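Open the model in your viewer and keep the selection panel at hand. We will go from stop to stop, picking something new each time and looking at what surrounds it.

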Amino acid sequence: MEIKKGIGVSPGVVISKAFVLDAEDYPIPERHVEAALHQEEKDRLGAAIQASRAELIELRGRMRDRIGEETAAIFDFHLGMLDDKRLIGEIEAAIDANHYTAEHAVSAVFRAHARKFLDMPQFMAERVKDVNDIQRRLLRNLIGQSRAALDHLTGDVILLAHDLTPSQTANLDREHILGLATDAGGRTSHTAIVAHALGIPAVVGLNDVTSSVQPGDAVIIDGNRGVVIIDPDESTIAEHQTYLQRLAERERTLVELRDLPAVTRDGHEITLLGNIEFPDEVRNVLANAGHGIGLYRTEYLFLGSEEEPTEDEHYEAYTRAIALAEGRPVVIRSLDLGADKYTQARAMSPERNPFLGLRSIRYCLQNLPIFKTQIRAILRAARTGPVSLLFPLIASVMELRQAKMIVRDVAEDLEEEGVDFEPDIPIGMMIEVPSAALMCDVFAREVDFFSIGTNDLVQYTLAVDRGNEKVASLFSAAHPAVVRLIKDVIRAGQRHDISVSLCGEMAGDPEYTLLLLGLGLRIFSIAPPAIPEIKKVIRSVTMEQAMLTARKVMTFDTDKQVTSYLRDQTRKLVGDS
Ligand code: PEP
Ligand code: MG
């Protein structure tokens, strides 16, 4: 038995047999053809390009229907490469000049392209994956050889792969692929995004899981805790099966909770909002009886596409989310690009410390056309429903004022142009940098609401990279320093009569619900599947119990004391959760 810790990116626990995806590339021998056959080779190439195009268009359509337009746009880069006359010209030239067969020419030209990406900084790896993915598709259409096919599974499996290409993720067979684990990947990799959207339990960033497992081995994937257990012993299997039964039972009770209000035993009403990345996820929020959208992470509009979205593309996404929310509030966060998202892959010289670099609101304030395009779309979309605007990563008052000034500028432009827009949109800020938490009283006078982002607040307060598995054990929202900051921010919100929500992962962890209620939090914004569980805790406790719990927690010196106390209290008051 071997236990591996990675990054849990899609919740759920499954036990099944391993299916290890063959990571080998096609072996293409160097073969030559005489000049008289060059045209024939070029015709074969043309036919393979056409076949690949048709497959990609079909895949794109399927992905759009299953997940949404933004994710489907991943394939636009692939289609773009197949339409790239220069690239195709290079392959044809390799046939003419070197007498290569079509497949050898494809292989040589694509390998050179992939190498160019590899010579660039490490973060270009995602693009290399795309280049290899197109190459394999073309080669398959030239050679007619089928690889370990993901779309012909007949039994239930857990898929293990070094990483998945966008085509492979689009083809994931929800019926047979019960879970997913990859060596590579982080929170925002394509694999993570798609697995989460499809509801497949997944753990990524495991480094070497594929070399530790044999096809057919029993494997447990625990997407909640980011753990993979290979070849579990009998007692571990039995333990997990009991755990699974408990989860299934709990699921049933949670379904019953769906239509009950989120209210404490002594009558305090709590608002439960959902976090989304794609407009269609609003459906998941409503299916879990969420009261609206507390965090729409709009940067996903940029991921998976070569082009910046246009104002109309922004507008279309926002109005779709607003329409699906059917009158419920939607908090749209302005772009949180940078750090590990988007900008580094395009930078000429990478930042040395991107999480402390030109990220988020800082990036927007230095790239005004991108920022203004988005704000225009948000102000226009706000005509169609109750929208609030949320600025991420605000660290200083000047930054907030500048961002608000841009909103005023954009409003003036729209007014002058006679474009319909909403001038009175509530503006809030994320509290996710310690400086903002420490100065929350000052900030509270300048915004309509706060949203506490504990993912980053923990990272920056404790100096622990949120995506680095090597320091994952040090990343804890229960650290007394973090708890104090959260308490101060909630109190400042109460003093200044502005609403405070919490939208980091902490809000969706039932072990923190008592504490957060006790600290005065009344709005939780969480991943949609976690909504019923948080509601269950809320409905099981009184506000007095929550306040006593919070008071006790404030006396602790270590995160271990906090977590063990909260675990005990939650178990005692809510039952086994
Ligand atoms: C956070 O930092 O807690 C947050 C919600 O924002 P993100 O996870 O998108 O950085
Ligand atoms: Mg954040």
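Start with Asn455 and ligand 1: a polar backbone atom of Asn455 is 2.7 Å from an oxygen atom of the ligand. This is a predicted model, so treat each distance on the tour as a value computed from predicted coordinates. Taken alone, ligand 1 exposes 290 Å², and the protein buries 98% of that.

**Stop 1: the shell around ligand 1**

Keep ligand 1 selected and add Thr454, where a backbone N or O atom sits 3.1 Å from an oxygen atom of the ligand. Now show the side chain of Glu432, which brings an N or O atom to 2.9 Å from a ligand oxygen.

Next, widen the selection to the full shell. How many residues surround ligand 1? There are 14, and the closest are Arg297, Arg333, Gly453, Asn455 and Arg466. Colour the shell by class and you should find 7 charged, 4 polar and 3 nonpolar residues.

Switch to a cartoon view to see where these residues come from. Strand S10 (293–297) and helix H19 (454–462) each supply at least two of them. Helix H19 gives the largest share of the shell, with 3 residues.

**Stop 2: the magnesium ion**

Select ligand 2, the magnesium ion. Which protein residues donate to it? They are Glu432, through OE, and Asp456, through OD, at 2.0 to 2.1 Å from the ion. This pair links distant parts of the chain, since the two residues are 24 apart: Glu432 is in the loop between strand S13 (427–431) and helix H17 (434–438), while Asp456 is in helix H19.

Are these two donors buried or exposed? Glu432 has 2% relative accessibility, so it counts as buried. Asp456 is buried as well, because its relative accessible area is also 2%. While you are here, recall that the side chain of Glu432 also has an N or O atom 2.9 Å from an oxygen of ligand 1.

**Stop 3: Gly504 and Ser525**

Select Gly504, in the loop between strand S15 (499–502) and helix H21 (510–518). With a relative accessibility of 3%, Gly504 counts as buried. Draw a C-alpha to C-alpha distance from Gly504 to Thr454: it reads 4.6 Å, although the two are 50 residues apart in sequence. Beyond its sequence neighbours up to four places away, Gly504 touches Ile452, Gly453, Thr454, Asn455 and Ser525.

Follow the last of those contacts to Ser525, which lies in strand S16 (residues 523–526). Its relative accessibility is 0%, so Ser525 counts as buried. Show side chains here and look for the polar contact of 2.6 Å between Ser525 and Asn275. Setting aside neighbours within four places in sequence, the contacts of Ser525 include Leu273, Gly274, Gly294, Leu295, Leu502, Cys503 and Ala507.

**Stop 4: His38**

Now move to His38, in helix H1 (residues 38–66). His38 is buried, with a relative accessible area of 7%. Its side chain makes a polar contact of 3.4 Å with the side chain of Asp96. Apart from neighbours within four places in sequence, His38 is in contact with Val33, Ile95, Asp96 and His99.

**Stop 5: Gly186**

Select Gly186, in the loop between strand S5 (177–182) and helix H8 (190–198). At 24% relative accessibility, this glycine counts as partly exposed. Not counting residues up to four places away in sequence, Gly186 touches Ile7, Val9, Ala192 and Val204. For one more distance, pick the C-alpha atoms of Gly186 and Val203: they are separated by 9.2 Å, with their positions 17 residues apart along the chain.

**Stop 6: two backbone angles**

Finish with the backbone. Select Ser360, in helix H14 (residues 360–366). Ser360 has a positive phi of about 60° although it is not a glycine. Its relative accessible area is 0%, so Ser360 is buried.

Then jump to Ala463, in the loop between H19 and helix H20 (480–496). Here phi is near 55°, again a positive value in a residue other than glycine. Is Ala463 buried or exposed? With a relative accessible area of 70%, Ala463 is exposed.

Note on methods
Residues numbered from 1 in each chain as written. Chains lettered and ligands numbered in written order. Predicted model: local features only at pLDDT ≥ 70, side-chain atom pairs only at ≥ 80, totals over all residues. Heavy atoms only, no water. Near = heavy atom within 4 Å. Polar contact = N/O pair within 3.5 Å; in protein donor to acceptor, adjacent residues only side chain to side chain. Areas by Shrake-Rupley, 256 points an atom, 1.4 Å probe, with all protein chains shown as cover. Helix = DSSP H or I, 4+ residues; strand = E, 2+ residues; numbered from the N terminus. Nonpolar A, V, L, I, M, F, W, Y, C, P; charged D, E, K, R; others polar. Buried < 20%, exposed > 50% of the residue type's maximum accessible area, 1.4 Å probe, protein only. Contact = heavy atoms within 4.5 Å. Donors = N, O, S within 2.8 Å, 3.2 Å for Na, K, Ca; no water.
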